[in-house]
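Reader: I have a model open and some bench time to plan around. Can you walk me through the inside of it?

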Amino acid sequence: MIEATVRRAQQGDEVAFHPPVIVLGGDQLDGARDLLGKDRDDISYVVEPMARNTAAVAAVSAEMVAQNHGDDALVLLMPADHHIKDEEAFRVTVSRAANLAAAGNIVTFGIRPTGPATGFGYICRGRAQGEGYKVEAFTEKPDLATARKFLSDGRYYWNAGIFLFKASTMRAELEKLQPEILSACRRALGDASREEIVSRLDADAFAACPSDSIDYAVMEKTDRAAVVPADFDWSDVGSWSSLWDVSEKDESANVMIGDTHLIDTRRSLVYSTGARVGVIGCDRIMVVATEDAVLVADMANDQDVKKLVETLRTEGRLDLL
């Protein structure tokens with residue numbers, strides 16, 4: 001997925017990108033460089049000493065881009081766990097959003113809902129503006145009844161979590177709304193250690209940064225939020241069922257990853273990192289087997305995995321997290 005994300009941010013006919021900057025954890029650096037090519041000098045890396053959520057990523061990105069390309073340069077912030085099949089359609093949509101971002105808006109991309117999903121955040125569009133709309137409201141992961149209302153309303157989009165903004169716009173909004181985040185990230189970047197294409201944020205400074213998402217910290221509070229409807233298929237692959245959605249399937253619509261064998265089973269995901277897994281006579285289930293844990297669930301209940309995670313936290317089973 002990180003290979004696909006970098007490929008997505010390559011120059012096309014509609015839009016030209018600066019070389020990408022990848023923000024990641026220290027334990028992900030070697031794997032990312034192996035995948036993307038250790039000899040590439042058109043990619044740079046920023047290593048976070050600990051996770052501080054996406055508002056910190058936005059702050060660090062805005063600071064770096066402003067320093068390297070100027071305050072008016074546009075930042076395209078993309079999570080690396082998205083599946084977008086039509087890369088050219090993606091670039092066309094980004095190009096359409098560029099004028100809105102250049103005018104001082106923080107643009108997010110809205111996905112037209114295909115059903116009343118409860119695992120996504122929703123954006124309600126307001127008045128038309130340029131190629132998109134002003135954002136009237138954000139709603140984070142509604143219940144099923146609310147999601148159904150949003151679907152029938154017609155003004156709501158799923159929040160893709162991809163953002164486009166001027167470096168100076170994000171810095172100004174963080175200065176106004178989240179000065180502690182911006183200050184900590186500035187210090188962490190200013191005191192970073194650098195070696196060729198890798199910058200390691202200062203641990204003490206970054207540890208002082210509050211942990212918050214860009215949605216909560218900025219987008220729900222700013223008056224500069226805009227949404228551009230996305231003209232591309234999208235999945236955030238944030239659940240096992242969405243992995244099934246985007247993966248290649250056999251003639252029975254099963255996705256099998258690892259050492260698996262299925263008999264009389266349809267529309268299921270079976271994933272193993274080691275042990276042989278056999279499944280017989282099932283429909284729409286997911287089985288995930290790793291070295292230290294096994295998950296079995298109906299595909300319709302994949303969002304409830306978080307309940308298991310909370311139970312593990314309560315029980316102190318941090319070794320499984």
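Author: What follows covers the cores, a pocket and a pair of strands in this predicted model.

Reader: Start with the largest nonpolar core. Which residues touch the most other members?

Author: That core has 39 residues, and V60, F165, M170, C185, I214, V218 and M219 touch the most other members.

Reader: Which helix gives the most to this core?

Author: Helix α3, residues 53-69, with ten residues.

Reader: And what does M219 touch?

Author: Leaving out residues up to four places away in sequence, M219 touches I106, F138, F163, I214 and A225. Apart from this core lies another, of 26 residues, and F90, A97, L100 and W158 are among them.

Reader: Switching to pockets. What volume does the second largest pocket have?

Author: About 390 Å³. It is lined by 15 residues, and the closest to its centre are A293, V294, L295, L308 and L312.

Reader: Which element gives the largest share of that lining?

Author: α11, with six residues. The elements giving two or more residues are β16 (294-298) and α11 (305-315).

Reader: How does the lining divide into nonpolar, polar and charged?

Author: Eleven nonpolar, two polar and two charged.

Reader: Last one, strand β14. Which side chains are buried?

Author: V277 and V279, which point to one face of β14 (residues 277-280). G278 and I280 point to the other face and are not buried.

Reader: How does β12 run relative to β14?

Author: Parallel, with four bridges joining β12 (residues 260-263) to β14. One buried residue of β14, V279, is the bridge partner of L262.

Terms used. Residues numbered from 1 in each chain as written. Predicted model: local features only at pLDDT ≥ 70, side-chain atom pairs only at ≥ 80, totals over all residues. Heavy atoms only, no water. Core = buried A, V, L, I, M, F, W, Y, C linked by side-chain atoms within 4.5 Å. Buried < 20%, exposed > 50% of the residue type's maximum accessible area, 1.4 Å probe, protein only. Contact = heavy atoms within 4.5 Å. 1 Å grid on protein atoms, 1.4 Å probe; cavity = no way out; pocket = protein on both sides within 12 Å on 5 of 7 lines; lining within 4 Å. Points joined across faces, edges and corners; volume = space filled by probe spheres on them. Nonpolar A, V, L, I, M, F, W, Y, C, P; charged D, E, K, R; others polar. Pairing = 2+ DSSP bridges.
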